[in-house]
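Let's sit down with this model and learn to read its sheets and its chain contact, one question at a time.

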Amino acid sequence: MEKTELRKELKVSAIENGTVIDHIPSQSVFQVIRILNLTNYHNQLLTGTNLDSNKMGKKGIIKVSNKFFESDEINKIALVAPSATLIIIRNFQVVEKRKVEIPDQVEKIVKCFNPNCITNNEEVPTRFEVIDKKELKLRCHYCEKITARNTISFRE
Amino acid sequence: MKNKSLVSINDFSPEEHIRILELAGIFENRPKQRILEDYVIATLFFEPSTRTRLSFESAATRLGAQVIGFSDATSSSVRKGESLRDTILTVSNYCDLIVMRHPREGSARFASEVARVPIINAGDGANQHPTQTLLDMYSIRKTQGSLDNLNIAFVGDLKYGRTVHSLVMALCHYNTTFHLVSPLELKLPSAVKLHIKERNLTYHQYTDLQEVIPTVDILYMTRIQKERFSDPLDYEKVKMAYVLQNSMLINAKPNLRILHPLPRVNEITTDVDDNPKAYYFTQALNGVFIRQALLAAILGVVD
């Protein structure tokens with residue numbers, strides 16, 4: 001039993017210092033990388049998708065060496081990966097483990113679903129107030145329309 | 001309110017709404033006061049809206065202000081591809097206040113963040129048109145003596161009509177009972193109904209216009225647009241059901257007044273116009289006083 005667990009873990013090798021983002025829905029792994037601005041990260045970045053998970057069936061994981069995120073920054077990923085767990089690693093040891101939380105404000109990353117919104121027609125960074133965290137409803141600061149879970153998309 | 005932009009009706013508090021209505025009353029009594037002689041007002045109409053623009057320009061001119069601007073985007077730098085941000089930054093240099101109408105939703109909020117002068121939103125797409133809401137409130141208060149405890153019917157397109165949404169929200173501060181008359185396809189959005197409920201107020205929904213007339217103080221009519229229906233047959237079925245005719249007003253309360261944001265197409269027959277209960281053209285005149293009040297208050301020449 002222990003052996004299989006170990007083998008599964010080692011599919012994405014351990015990091016010495018940094019942040020592990022676990023329990024990401026597999027299909028959201030690359031979105032999380034984009035949201036965290038890690039596409040051009042100049043340090044070790046290990047990812048895995050469709051790994052076996054007791055909790056989720058299949059899961060994704062990202063391990064970022066030598067990077068420790070501010071809460072505001074990391075909480076953005078809760079929009080696509082509400083189930084994600086954050087694990088802070090120092091000297092190969094887990095020093096902190098917590099869940100991500102949906103923030104009160106979301107800036108820049110989300111696209112307003114309203115095609116006639118000024119943010120989709122001029123160079124304007126988006127801004128939303130999260131008015132319902134459970135159902136995930138974001139009110140656009142500009143056009144005042146609600147972007148919801150089923151209409152959410154991300155800016156490239 | 002000095003230097004404060006008015007983008008959304010909620011940018012001003014209920015106390016500020018009332019202050020604007022009071023000021024509008026002063027301008028109604030004395031419409032020509034040259035208190036803005038030292039000021040330049042820009043009216044930037046990125047889409048045409050003759051009625052709203054003339055109303056603002058009349059208000060500014062009656063107060064002695066100079067008016068600059070354009071009445072549609074084809075005659076401006078927008079046609080050359082200038083961004084809204086650049087237009088607003090540039091025009092900010094030439095004036096003390098910008099009145100803006102733009103086809104994109106959220107454009108006025110964005111402009112208010114970029115501009116060095118206050119912005120009055122004269123309509124941003126289907127989003128907000130706060131000066132219409134204030135002139136509606138002024139008309140209701142003037143004809144009924146008060147905004148409190150009224151029975152107000154909204155008739156027609158309650159789903160897409162932005163004037164309806166803003167007015168309902170604003171009236172939620174005055175213990176209003178709402179009577180919502182519309183075809184099933186065009187009912188008031190649930191978010192607006194939720195807002196009514198959160199303020200512990202009551203609303204009733206109807207599909208029959210005649211039924212509501214004897215109980216209400218205000219009948220706020222709106223136009224039902226054909227393009228709102230996916231099936232043209234559905235439109236044909238309802239289009240005559242929300243037309244107000246003079247004969248329907250027999251059982252109305254004596255204080256009932258009929259409001260309409262205009263332009264009217266056929267939802268109020270012309271035989272209603274001579275009925276003393278018809279108020280829609282005076283309502284449009286009230287728009288000038290409201291805009292005088294806003295210009296004066298935001299430029300800080302009155303408190």
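**Reading the sheets and the contact**

Q: In what order do the five strands of the open sheet in chain B lie?
A: Following the pairing from strand to strand gives the order. In this predicted model, the five strands of chain B run S7-S6-S5-S8-S9, and their pairing is parallel.

Q: Which are the edge strands there?
A: An edge strand pairs on one side only, and here these are S7 (203-206) and S9 (257-259) of chain B. From one strand to the next, the twist averages 20°.

Q: How many bridges pair S5 with S8 in chain B?
A: Strand S5 (residues 151-155) and strand S8 (residues 218-221) of chain B are parallel and pair over four bridges. To find your place by eye, look for B:Ala153, which stands opposite B:Leu219 in S8(B).

Q: What is the order of the open sheet of four strands in chain B?
A: That order is S2-S1-S3-S4, with parallel pairing. Its edge strands are S2 (66-70) and S4 (119-124) of chain B, and neighbouring strands are turned by 15° against each other on average, direction ignored.

Q: Where does B:Phe45 find its bridge partner?
A: In S3(B), where the partner is B:Arg101. Strands S1 (residues 40-45) and S3 (residues 97-102) of chain B run parallel and are joined by five bridges.

Q: How many residues does each chain bring to the contact?
A: The size of an interface is often given as lost accessible area, but here we can count residues. Chain A gives 15 and chain B gives twelve. On the side of chain A that touches chain B, six are nonpolar, five polar and four charged.

Definitions and conventions
Residues are numbered from 1 along each chain as its sequence is written. Chains are lettered from A and ligands numbered from 1 in the order in which they are written. This is a predicted model: local features need pLDDT of at least 70, side-chain atom pairs count only at pLDDT 80 or more; totals for chains, interfaces and linings use all residues. Two strands pair if DSSP finds at least two bridges between them. Helices (H or I, at least four residues) and strands (E, at least two) are DSSP runs, numbered from the N terminus. Axes are lines fitted to C-alpha atoms, for helices over the stretch in contact, and angles run from 0 to 180 degrees between N-to-C directions. Two residues are in contact if their C-beta atoms, placed from the backbone, lie within 7 Å. Ala, Val, Leu, Ile, Met, Phe, Trp, Tyr, Cys and Pro count as nonpolar, Asp, Glu, Lys and Arg as charged, and the others, Gly among them, as polar.
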